[in-house]
Amino acid sequence: MDYYYSLVSSLTPTQCIMSFLALLLLIQQFTYWNKKRHLPGPAFVLPFLGNAISLVCNPSKFWEDQAAFARRVGISANYVIGKFIVFTRSSELSHLIFSNVRPDAFLLVGHPFGKKLFGEHNLIYMFGQDHKDLRRRIAPNFTLRALSTYLSLQQIIILEHLKRWEKMCASDKTPISLRLLVRDMNLETSQTVIVGPYLLQHARDKFKSDYTLFNVGLMKLPIDLPGFAFRNARLAVERLVQTLAVCTRESKIRMAEGGEPSCLIDFWMQEQAKEVAAARAAGRPPPLHSEDHEIAGHLFDFLFAAQDASTSSLLWSVTLLDSHPHVLSKVREEVSRIWSPESDKLITADQVREMKYTQAVAREVLRYRAPATLVPHIAVQDFPLTESYTIPKGTIVFPSVYESSFQGFSEPDRFDPERFSEERQEGQVYKRNFLVFGAGAHQCVGQRYALNHLVLFIALFATLLDFKRDRTDGCDDITYSPTITPKDGCKVFLSKRCSRYPNLSLE
């Protein structure tokens, strides 16, 4: 004992610190190996940080490496910011995770540190009957009547932005990067569709600024301290939800007075007004999930889901139409048979449904470049994923929607909208591989809205504009921002294709 005491006392402070760090490294490494077991993945990781630096600096390569590790057995492991992670490439294993979102299995988190950003009572963190009841209350937001209302708003906004982009190109004679322009268009569309007249222009400007802070924070290290992007994002979300709570309160008043719905929150509050009136007449308390602030939090979910994923899909639709002129030609031919700009009429829901090929193109864009490539979950308990591997409690699990899209389908590396035709029906045959909208109880409630938006954009963009990509080496490489987008931001030359733009307005 005296020998060990004298040995320790003879160490310098620097040697003590180095010995302590070496011990931490050893403990961390053994913990990682114990959780990883036989799974493929990096053999050694840095203490605490793990491979966070490579994830932040080059997320595309990080996830490509994880997919390569998982190619043989369908899963792989890694370690990031004190968290052990498991990546699932296999479609069937991903389905197993999606179908086991429950208190004793997995918690859907949407982002590895999502609870800090989105709040504890977010829709994606709900389970069981409570979750079913809320989704039932949300259902009126996506009826055919509601979707038809949104279609009118969507195409009017898309048209105004297309005209603006074409003028920018005409005046500068240079290509424009569409990434931020599409993001701004989608933000205006989401704001208008979700809360419509209740968000005035000055509030929209502030909303846009806060949403940008939120987007930046999503891609940064989760350091919740003043001056850091993650803290700015968290505070921005709080302000955004507060703004949406005010819109909710105003919609409640208008719907209770018998107003006609003009946006998503109106359709929701119209049904809720009936439930509140019935509860009051029966002497019961108001229904659950009817508080302004809670509803506002769910509205932010819709905004987030409609915003970044849609931006990704619209950018890839331009990129892929440019690189596949025969597809573009068929889209233009189909749309011209169904709708004409000279008609000055809005594209109707029936006409959207009639655009079978354009719908197939939209679905293939989503398959080929799934916008939200990963859907993070947390293991609430140890979970037996396979016969030979149990996911440890606390693990962050990443089912890969992107990798699943390249399994099963015929020639999956080829962009081929015909696979979704009525003749081939690969969308049905390989339905379990098409996980763009998730699966299980938490499958996206707004998928029909999202698909309509993409179809409308493709139809209007292809019909009204001529476009050409400003192609450079690597311009179509995937980058994360936070959903995947072309590396160059989708730079294009634009010019007017139609004789005149349509005059669209709400009737």
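Here a biologist and a modeller talk through a predicted model, asking what stands behind the words used for it.

Biologist: Let's begin with the sheet. How do you know that it is open, and in what order do its strands lie?

Modeller: The 5 strands follow the order S1-S2-S8-S5-S3, with mixed pairing, and form an open sheet. At its edges are strand S1 (75-80) and strand S3 (106-108), and each of them pairs on one side only. From one strand to the next, the twist averages 30°.

Biologist: What makes S1 and strand S2 a pair?

Modeller: Two strands count as paired when there are at least two bridges between them. S1 and S2 (residues 83-88) are joined by 6 bridges, so they qualify, and they run antiparallel. You can look for Ala 77, which stands opposite Val 86 in S2.

Biologist: Which helices pack on this sheet?

Modeller: Helix H2 (residues 13-36) packs there, touching S1 and S2, and its direction makes about 155° with that of S1. Helix H5 (residues 91-98) packs on the sheet too, touching S1, S2, S3, strand S5 (377-379) and strand S8 (396-399).

Biologist: Now to helix H14 (residues 325-338). How do you know that its span agrees with its number of residues?

Modeller: At 1.5 Å a residue, its 14 residues should span 20 Å. The end C-alpha atoms of H14 are 20 Å apart, so the two values agree.

Biologist: And what puts the buried residues of H14 on the same side?

Modeller: Those residues are Val 327, Leu 328, Val 331, Arg 332, Glu 334, Val 335 and Ile 338. They cover an arc of only 165° around the axis, and therefore lie on the same side of H14. The face turned away from that side carries exposed residues: Pro 325, His 326, Ser 336 and Arg 337. Among the elements covering the buried residues are helix H13 (292-323), helix H19 (447-464) and strand S9 (465-469).

Biologist: Let's turn to the cysteines. Why is Cys 247 not bonded to Cys 263?

Modeller: A disulfide needs two cysteine sulfur atoms within 2.5 Å. The closest cysteine sulfur to that of Cys 247 is in Cys 263, 8.5 Å away, so it is too far for a bond. For Cys 498, the closest is in Cys 169, at 15 Å, which is also too far. By this rule, the count is 0 disulfides.

Biologist: Why is Cys 247 called buried?

Modeller: Buried means under 20% relative accessible area. Cys 247 has 1% relative accessibility, so it counts as buried. Cys 498, at 11%, counts as buried as well.

Definitions and conventions: Residues numbered from 1 in each chain as written. Predicted model: local features only at pLDDT ≥ 70, side-chain atom pairs only at ≥ 80, totals over all residues. Heavy atoms only, no water. Helix = DSSP H or I, 4+ residues; strand = E, 2+ residues; numbered from the N terminus. Axes fitted to C-alpha atoms, helices over the stretch in contact; angles between N-to-C directions. Contact = heavy atoms within 4.5 Å. Expected span 1.5 Å × (residues − 1). Buried < 20%, exposed > 50% of the residue type's maximum accessible area, 1.4 Å probe, protein only. Arc of directions from axis to C-beta.
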